[in-house]
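Colleague: I am new to this model and would like a close look at one topic, salt bridges. Please also show me some of the setting around them.

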Amino acid sequence: MTLAYFDCFSGASGDMILGALIDAGVRLEVLRERLAGLPVGGYTLSADKVIKQGFAATQVRVALDDTRDPPQRRLRDVVSIIESGDLPPTVRERAVAIFTRLAEAEARAHGTTPEQIHFHEIGAVDALVDIVGAALALHELKVSRVVCSPIPTGSGTVDCAHGVIPVPAPGTVALLEGVPLRATDEIGELTTPTGAAILTTLAESFGPLPEMTLQRCGCGAGKREGLRRPNLLRVFLGEPSVGSGADEIIVLESNLDDVSSEAVGFCVQKLLDAGALDAYTVPITMKKSRPGIVLTALARPGDVARLEEIIFLETTTFGIRRYSARREKLERRHQTVETRFGPIRVKIGSRGGTVCTVAP
C-alpha cells in the first residue's frame, strides 16, 4: 500500500497537485499518452523545473490554443469525455467523482442544480487535464490511500467569470465544509475550487503527517508569487507504518453539577445523532463537595462547531474544554462466516496484517 500525504502549507490548485506528483516520479510522457486518448484537443501539456523563493519544484503548464472559443460544458459533457477515454477504471471513477463534487459545490454556490452548471472555468481544458492527470498520476504511483493537511484558503478577492468575489470563492467554501482550515496571513487565492475538489474527494482524513516510511517527496509550484511563503505544494509518498491507522480527533469536555439526568441523557443522544464518534459521562465531585459529571464528546475536526452548539443549547454549561488527541485504530473489515447457527456477519480488527479481534 502506498500512502500519499499532501502538505498544503501554501494552499492547493490543480496544477500544483499535478506538478507535485510529476515531481515525485510520474513520467510526463505517460500522462501525455494517456490524456491524448480523451476527445479533447487544443492544448499542450508541459512540466518545467522552477525555483520559487529559493526552493526547487515542478511547474505544470497547460497552454491553450487561443484561436478556439472557450468551452461551455455541463457535467454530463465532462463525464462523457472522461468515460470515452482509454482510462483505468480507478482513474475514471476518481475523475468523475471529483468533477461531480465540483459541480455540486458550484450548484450550491449559484443556487441551481449540478446538471445546470456551466463549467466556464473549472470545466475548461486545463481543469480536465489537471483532474484526470492527477487521477492518472496517483494510479501510476500506485497510491491507495490519500491523507491531507489542514488547508489554508488565503484572503482578499479574486477575479472570475462572475466578477470580483471574496477569497475563498463560494464554490471553494462549499467544497471545504467539514474540512479543517489553516490560518494564514498570505493575501490571494491560495486554494482554488479545482484543488479543493481533488483533495476533498480523494483524502480520507485531514490532519498532521501520519506515521509512514518516507520513500520520496514531490514539490509542485503554482503560478502566483507568494509574499510571505513560496507558492508550493508538497506530496509525501511512502509506506504506512505498522498499525498506522492513526487519526486526529477533538475531545470536548464540560463539568456539570446543576442539570438533570434526563437532560444529560438527551444531550448525549443528540451528540451521537449529530455525528459524535462517542459521547459519555463520568461522575466527579465538584466544588463544595457537590456531585457532578464530566460530559465528554469525541469529535472529528469538522464536527466540532455543531457538537459544541448542542452542548451549549442542551445543558447549563458556560464553557467547554477543547483539545486534540491522536488515536490508533485497528483496520476494520466485515466478513460473513458459516456457523452451526447459520451465516453470521463478524467484524474483524487487524493490525499490520495480524488479526487482533473478531466480534459477531
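Modeller: Here is a short overview, followed by the salt bridges and then some neighbouring topics.

This is a predicted model, in which local features need pLDDT of at least 70 and side-chain atom pairs count only at pLDDT 80 or more, while totals for chains, interfaces and linings use all residues. Residues are numbered from 1 along each chain as its sequence is written, and side-chain values use heavy atoms, with hydrogens and water left out.

Let us begin with the whole. The protein has nine helices and 18 strands; these are DSSP runs numbered from the N terminus, helices being H or I over at least four residues and strands E over at least two. Its C-alpha trace spans about 80 × 55 × 45 Å along the principal axes. Of the 360 residues, 48% are buried (buried means under 20% relative accessible area, exposed over 50%, and partly exposed in between, with a 1.4 Å probe and protein chains only). Among contacts (heavy atoms within 4.5 Å) between residues at least 6 apart in sequence, 71% join residues at least 24 apart.

Now to your topic. Side chains of opposite charge can pair when their charged atoms come close. A salt bridge here is a side-chain nitrogen of Lys or Arg within 4 Å of a carboxyl oxygen of Asp or Glu, and a search of the whole structure finds 15 of them.

Take arginine 234 and aspartate 7, whose side chains meet in a salt bridge with N and O 2.7 Å apart. Arginine 234 belongs to strand S11 (residues 232–240) and aspartate 7 to strand S1, so this pair ties together parts that are 227 residues apart in sequence. Arginine 234 counts as partly exposed because its relative accessibility is 33%, whereas aspartate 7, at 10%, counts as buried.

A second salt bridge joins glutamate 186 to arginine 224, with the closest N and O atoms 3.7 Å apart. Both partners sit in loops: glutamate 186 between helix H6 (170–175) and strand S8 (188–189), arginine 224 between strand S10 (212–221) and S11, so parts 38 residues apart in sequence are tied together. Glutamate 186 counts as buried, because its relative accessibility is 0%.

A third salt bridge is formed by the side chains of glutamate 308 and arginine 322, at 3.0 Å from N to O. Here the link runs from helix H9 (residues 304–314), which holds glutamate 308, to strand S15 (residues 321–328), which holds arginine 322, 14 residues away. Glutamate 308 is buried at 14% relative accessible area, while arginine 322 is exposed at 52%. Elsewhere, Arg300, Asp303 and Arg306 are joined into one network by salt bridges that share partners.

Right after aspartate 7 there is a residue to look at as well. Cysteine 8 lies in the loop between strand S1 (2–7) and helix H1 (14–23), and cysteine 8 is buried, with a relative accessible area of 0%. Leaving aside residues up to four places away in sequence, cysteine 8 touches Cys148, Ser149, Pro150, Pro152, Arg182, Leu199 and Leu233. Its C-alpha atom is 9.8 Å from that of threonine 153, although the two are 145 residues apart along the chain.

For contrast, here is a pair of helices. The axes of H3 (residues 75–84) and H4 (residues 89–110) come within 10 Å and cross at roughly 170° (axes are lines fitted to C-alpha atoms, for helices over the stretch in contact, and angles run from 0 to 180 degrees between N-to-C directions). That makes H3 roughly antiparallel to H4, a label for angles over 145 degrees; under 35 counts as roughly parallel, 65 to 115 as roughly perpendicular and the rest as oblique. Leu75, Val78, Val79, Ile82 and Glu83 in H3 meet Arg92, Ala95, Val96, Phe99, Thr100 and Ala103 in H4. By class, this contact has eight nonpolar, one polar and two charged residues (Ala, Val, Leu, Ile, Met, Phe, Trp, Tyr, Cys and Pro count as nonpolar, Asp, Glu, Lys and Arg as charged, and the others, Gly among them, as polar).
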